[in-house]
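This report describes one protein structure, beginning with its charged pairs and moving on to the packing of its helices. Please keep the sequence and the model in view while reading.

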Amino acid sequence: SRVTMAETSASDAADASKRAASATAAEDTNAGVSAAFALTLSVFSSVSLVIVNKHLISILGFREVTFLTAMHMVMTALALRVFAKLGYFERKHVARGEVAKFGVLNSASIALLNLSLGFNSVGFYQMTKLSIIPVTVMIQMAHFNKKFSHRVKGSLAILLVGVGASTVTDVQLNALGCALGALSVITTAIGQILTGSLQTKLGVSSTQLLCASAPWMAVTLLILAPPVDDALNGGNILDARYDARTLATAAVSCLLAILVNFATFAVIGKCSAVTYQVVGHLKTMLVLAFGFVVVGDPIVWSNVLGLAVALAGMVLYAKAEMLDRAAAASPQHPSTKSSIGDEES
């Protein structure tokens, strides 16, 4: 089972001077959260959430997955407003039109990912998730003037081969499933790219952007949840009857989702949409390893080999990122930006 979180953003800065000023503001407001902390929190919270949701959906029989995701966003919106009241961060006014479009796009990507899994085989669904990285790279190169070094592209290719060998099994195609899969990939890639660019454009931190957009995502998902869950498995939250144990597990899921949403926006703001996807595949590998070691899932050696190849790709990606950042900071390349960091000048 899976729960897809809203992972997202908005548009480019209008001109070079405005971009430089807003980038400085965003950097200042993000200063409280380090990239290392955001990455660590993202991995820990996401893996924990996957394990809890797997128990909730597969063992306890909770069927309203999209409604659960909507409640994740409701709890996130409420929690952030409480934290702002307590003075942990300053809420910032953001143009309602931009945040509304941002929230609707994120909610649509979540609903489409859920529908894609429901109308496709697990193998094809995993292939669509793998395609998010190359689609993100192509969109950034074509429309955001981003450049990716050959070593970054090579490391990403190795990573995707490894993840594919570990997760892709049966692949069955149908027209509706393919259309839903394609739309889910495009909306997810655009949303994650825009998550970073909105923070820069508006001069807000990841927490401020999440605080402003979470209510819009929550409302949109609450509207989409009944038809989507009904199309997937006939689930209807109004007719559902769950015991205290199931409801308590759902509450734990909501608490973990607050951390996941916070970490998602922080990672994309501090690093990039591509880096976030790489971290996402690390989570997948950890969940697979958890199944082998803790749950006792049967060991399939092709999966183990895929895990090893994916891990090598992640190490190479991290090394490529450091080399590119070092090159960008070098006096010989004063105008060069990291291939996975901010937009090029």
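## Salt bridges

In this predicted model, Asp-324 and Arg-151 form a salt bridge in which the closest N and O atoms are 2.7 Å apart. Asp-324 belongs to helix 12 and Arg-151 to helix 7, so the pair ties together parts that are 173 residues apart in sequence. The two partners differ in their surroundings: Asp-324 counts as buried, because its relative accessibility is 6% and the limit for a buried residue is under 20%. Arg-151, with a relative accessible area of 41%, is partly exposed.

The whole structure contains 2 salt bridges. One of them joins the side chains of Lys-201 and Glu-98, with a distance of 3.0 Å from N to O. This pair, too, links distant parts of the chain, since Lys-201 is in helix 8 (residues 175–202) and Glu-98 is in helix 4, 103 residues apart. Lys-201 has a relative accessible area of 21% and is therefore partly exposed.

## Where helix 7 meets helix 12

Ser-155 is located in helix 7, which covers residues 150–167. Is Ser-155 buried or exposed? Its relative accessibility is 2%, so Ser-155 counts as buried. Apart from neighbours within four places in sequence, Ser-155 is in contact with Gly-313, Leu-316 and Tyr-317. In addition, the C-alpha atoms of Ser-155 and Ala-310 are 9.4 Å apart in space, although these residues are 155 apart in sequence.

Gly-313 is part of helix 12 (residues 301–329) and is buried, with a relative accessible area of 0%. Which residues does Gly-313 touch, not counting those up to four places away in sequence? They are Ser-155, Ile-158 and Leu-159. A further distance concerns Gly-313 and Val-163: they are 150 residues apart along the chain, and their C-alpha atoms are separated by 9.5 Å.

## The nonpolar cores

The largest nonpolar core holds 24 residues, and those with the most contacts inside it are Met-73, Leu-209, Leu-210 and Phe-265. Four elements give two or more residues to this core: helix 3 (65–85), helix 4 (96–119), helix 9 (206–233) and helix 10 (244–270). Helix 9 supplies the largest share, 8 residues.

Leu-209 shows how parts of the chain come together. Leaving out residues up to four places away in sequence, Leu-209 touches Phe-102, Thr-195, Leu-198, Gln-199, Val-204 and Phe-265. A second, separate core has 17 residues, including Leu-130, Ile-133, Leu-160 and Leu-307.

## Aromatic pairs and a surface patch

The structure has 3 aromatic pairs. One of them is the edge-to-face pair of Phe-83 and Tyr-88, with 5.9 Å centre to centre and 80° between the planes. Phe-83 counts as partly exposed at 37% relative accessibility, whereas Tyr-88 is exposed, with a relative accessible area of 65%. Another edge-to-face pair consists of Phe-102 and Phe-265, with 6.1 Å centre to centre and 85° between the planes. This pair links distant parts of the chain, as Phe-102 is in helix 4 and Phe-265 is in helix 10, 163 residues apart. Both Phe-102 and Phe-265 are buried.

Phe-83 and Tyr-88 also belong to a nonpolar patch on the surface, together with Val-82 and Leu-86. The accessible area of these residues together is about 460 Å². Leu-86 is placed in the loop between helix 3 and helix 4. Its relative accessible area is 59%, so Leu-86 is exposed.

## The chain as a whole

What kinds of elements make up the protein chain, helices or strands? There are 12 helices and 0 strands. The chain has 345 residues, of which 51% count as buried.

Contacts across the sequence can also be described for the whole chain. Among contacts between residues at least 6 apart in sequence, 88% join residues at least 24 apart. The protein chain exposes about 15,600 Å², and carbon and sulfur atoms supply 68% of this area.

Conventions
Residues numbered from 1 in each chain as written. Predicted model: local features only at pLDDT ≥ 70, side-chain atom pairs only at ≥ 80, totals over all residues. Heavy atoms only, no water. Core = buried A, V, L, I, M, F, W, Y, C linked by side-chain atoms within 4.5 Å. Buried < 20%, exposed > 50% of the residue type's maximum accessible area, 1.4 Å probe, protein only. Contact = heavy atoms within 4.5 Å. Patch = residues over 30% accessible without salt bridge, like charges linked within 9 Å, V, L, I, M, F, W, Y side chains within 5 Å. Areas by Shrake-Rupley, 256 points an atom, 1.4 Å probe, with all protein chains shown as cover. Salt bridge = Lys/Arg side-chain N within 4 Å of Asp/Glu carboxyl O. Phe/Tyr/Trp six-rings, centres within 6.5 Å; stacked < 30°, edge-to-face > 60°.
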